[in-house]
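Biologist: Could you take a close look at one helix for me, and tell me how it sits against the rest of the chain?

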Amino acid sequence: MVHGYYSKLISKQQISQLKYPKCDAEYDMQFETFCKIHHMLFIPFVAGKKTPYIGCGKCGTHYYPTAFPAFEQQAIEFAKQTKKRWYHFSGLMLLSIFVIGAVTLVYKGSQENKKRMDNNLAAIQPNCVIFYHKAEDVNTSMLVSRVVADTVFVHENSRSTNGSAYQIDDSDNYKGPETFFYEK
């Protein structure tokens, strides 16, 4: 089962004044708090609603607090005071760690690409060929003729291809007019 839930006893407290109602035996009953735990792939994901019960410690029978009006309010208060366990949220914590890690990797990757682009722009020299995408599946190149301050003067390739731009890297294709771009 990929997703589901189960009920788990998370807390109990003995009641010494109450007798077991089925056989009237002198055995201690107890306040019990059960919690509905949602899981994914059997990893506890989220702790849900807490439910109070009054149960027998000997045979394991559970009763709603309304079965014992004298102890009903105490059972409800006991359930309210019981805290959910931190490990019942372990799936949610794992998911949070995964999302934070993925966001961090994407952010670091974009920062690294920006640094690489800045380094590549700083290394532009005359007679370098720059390959780029004109549009989706359209690749071409340009030849750097000179660099003056932050301006790069280029001759654009007169041809383009949907394959590798290396196939059209021929000196005869760069005979067009000189254009310029700013490094930024």
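**A close look at helix H1**

Modeller: Sure, let's start on the outside of H1: the face turned away from its buried side carries Gln 73, Lys 80 and Gln 81, which are exposed. Bear in mind that this is a predicted model. H1 itself spans residues 72–81, and its buried residues are Ala 75, Phe 78 and Ala 79. Looking down the axis of H1, you'd see those buried residues fall within an arc of 100°, so they line one face of the helix.

What sits on top of that face? The cover over the buried residues of H1 includes three strands: S1 (3–15), S2 (29–40) and S3 (43–56).

Two of the buried H1 residues, Ala 75 and Phe 78, also turn up in the largest nonpolar core, which has 11 residues. Their partners there include Met 29, Phe 31, Ile 54 and Cys 56, along with the aromatics Tyr 63, Phe 68 and Phe 71. S2, S3 and H1 are the elements that give two or more residues to this core. Another core, of five residues, lies apart from it, with Ile 124, Val 144, Val 152 and Val 154 among its members.

Now step back to the whole chain. It has two helices and eight strands, running β-β-β-β-α-α-β-β-β-β from the N terminus on. The C-alpha atoms fill a box of roughly 105 × 35 × 20 Å along the principal axes. The radius of gyration is 36 Å, whereas a compact globule of 184 residues would have one near 16 Å. Buried residues make up 28% of the 184 in the chain, and Ala 75, Phe 78 and Ala 79 of H1 are buried residues.

Terms used
Residues numbered from 1 in each chain as written. Predicted model: local features only at pLDDT ≥ 70, side-chain atom pairs only at ≥ 80, totals over all residues. Heavy atoms only, no water. Buried < 20%, exposed > 50% of the residue type's maximum accessible area, 1.4 Å probe, protein only. Helix = DSSP H or I, 4+ residues; strand = E, 2+ residues; numbered from the N terminus. Arc of directions from axis to C-beta. Contact = heavy atoms within 4.5 Å. Core = buried A, V, L, I, M, F, W, Y, C linked by side-chain atoms within 4.5 Å. Rg over C-alpha atoms; globule rule 2.2 N^0.38 Å.
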